[in-house]
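Open the model in your viewer and get ready to click along. We will go from the whole chain to single residues, one selection at a time.

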Amino acid sequence: MVKPVYIALGAIPVIAALLISVPLIIKNEIPTSAANYTDEIEIEYTKHQLKKISNGITERIGAQKTEILYIKNDGEMKYSVTEQGYLKPDVRSH
C-alpha cells in the first residue's frame with residue numbers, strides 16, 4: 001500500500017506544473033510589457049548556399065553564396081551578397 005507521504009510528494013510537481021501551464025494556455029494575447037513603442041527592432045535574415053568539399057579523408061562544408069538582409073526599425077534595409085568569398089556592393093533602401 002502506498003503511504004500518504006509519497007502521494008503528497010508526487011502531487012507537488014503536478015501542482016507546480018499546473019500553476020505554470022494554465023496561465024500560458026489561457027492567455028492568448030501579448031502582454032503590454034513585451035513590446036513598447038520605444039523599442040528598437042532589427043531583423044536579420046541570412047541565406048547560405050553550402051557545398052561539401054571532400055579532401056579524401058576529411059570533409060568540410062563551405063558557403064558558395066551568402067545573402068544577408070537587414071531590416072531596421074526605421075524602415076532602412078540593407079542587402080549584401082558574398083559569392084565565392086568576395087563581397088559584392090550592398091543594396092540599400094529606405
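Start by colouring the chain by accessibility: of its 94 residues, 6% count as buried. Keep in mind while you look that this is a predicted model.

**Stop 1: the whole chain**

Zoom out until everything fits on the screen. How far does the C-alpha trace span along its principal axes? The answer is about 70 × 50 × 15 Å. The radius of gyration of the chain is 26 Å, whereas a compact globule of 94 residues would have one near 12 Å.

Now switch to a cartoon view. You should find 1 helix and 5 strands, and if you follow the chain along the sequence, the pattern reads α-β-β-β-β-β.

**Stop 2: helix α1**

Select Ile15, which is found in helix α1. Ile15 is partly exposed, because its relative accessibility is 48%. To get a feeling for distance, also select Thr82: from C-alpha to C-alpha, Ile15 and Thr82 are 53 Å apart in space, and 67 residues separate them in sequence.

Next, select Val14, Leu18, Val22, Ile25 and Ile26 together and show their surface. These residues make a nonpolar surface patch of about 500 Å². Click on Ile25, another stop in helix α1. Is Ile25 buried or exposed? Ile25 has a relative accessible area of 66%, so it counts as exposed; the cut-off for that word is over 50%.

**Stop 3: a patch of negative charge**

Move on to Glu40, in the loop between α1 (4-26) and β1 (43-55). Glu40 counts as exposed because its relative accessibility is 69%. Add Glu42, Glu44 and Asp74 to your selection: together with Glu40, they gather in a patch of negative charge on the surface.

**Stop 4: salt bridges**

How many salt bridges does the count come to? There are 5 salt bridges, and we will visit some of them.

Select Lys47 and Glu67 and show their side chains. The two form a salt bridge, with 3.9 Å between the closest N and O atoms. Lys47 sits in strand β1 and Glu67 in strand β2 (residues 58-71), so this pair ties together parts that are 20 residues apart in sequence. Compare the two ends: Lys47 is partly exposed, with a relative accessible area of 39%, whereas Glu67 is buried, with a relative accessible area of 15%. Why does Glu67 count as buried? Its relative accessible area is 15%, and buried means under 20%.

Now select Asp90 and Lys78. Their closest N and O atoms are 4.0 Å apart, and they form a salt bridge. This pair links distant parts of the chain, 12 residues apart: Asp90 is in the loop between β4 (86-87) and β5 (91-93), and Lys78 is in strand β3 (residues 77-83). Asp90 is partly exposed, with a relative accessible area of 32%. Lys78 is also partly exposed, at 22%.

For the last selection, pick Lys88 and Glu83. What is the distance between the closest N and O atoms of this salt bridge? For Lys88 and Glu83, these atoms are 2.8 Å apart. Lys88 has a relative accessibility of 40% and so counts as partly exposed. Glu83 is partly exposed as well, at 29% relative accessibility.

Technical notes:
Residues are numbered from 1 along each chain as its sequence is written. This is a predicted model: local features need pLDDT of at least 70, side-chain atom pairs count only at pLDDT 80 or more; totals for chains, interfaces and linings use all residues. Side-chain values use heavy atoms; hydrogens and water are left out. Patches are made of residues with over 30% relative accessible area and no salt bridge: like charges are joined within 9 Å, nonpolar side chains (Val, Leu, Ile, Met, Phe, Trp, Tyr) within 5 Å. Accessible areas come from the Shrake-Rupley method with a 1.4 Å probe; for residues, only the protein chains shown count as cover. Lys and Arg count as positive and Asp and Glu as negative; His and the chain ends are not counted. The place of a charge is taken as NZ of Lys, CZ of Arg, CG of Asp or CD of Glu. Helices (H or I, at least four residues) and strands (E, at least two) are DSSP runs, numbered from the N terminus. Buried means under 20% relative accessible area, exposed over 50%, partly exposed in between (1.4 Å probe, protein chains only). The radius of gyration is taken over C-alpha atoms; the globule rule is 2.2 Å times the number of residues to the power 0.38.
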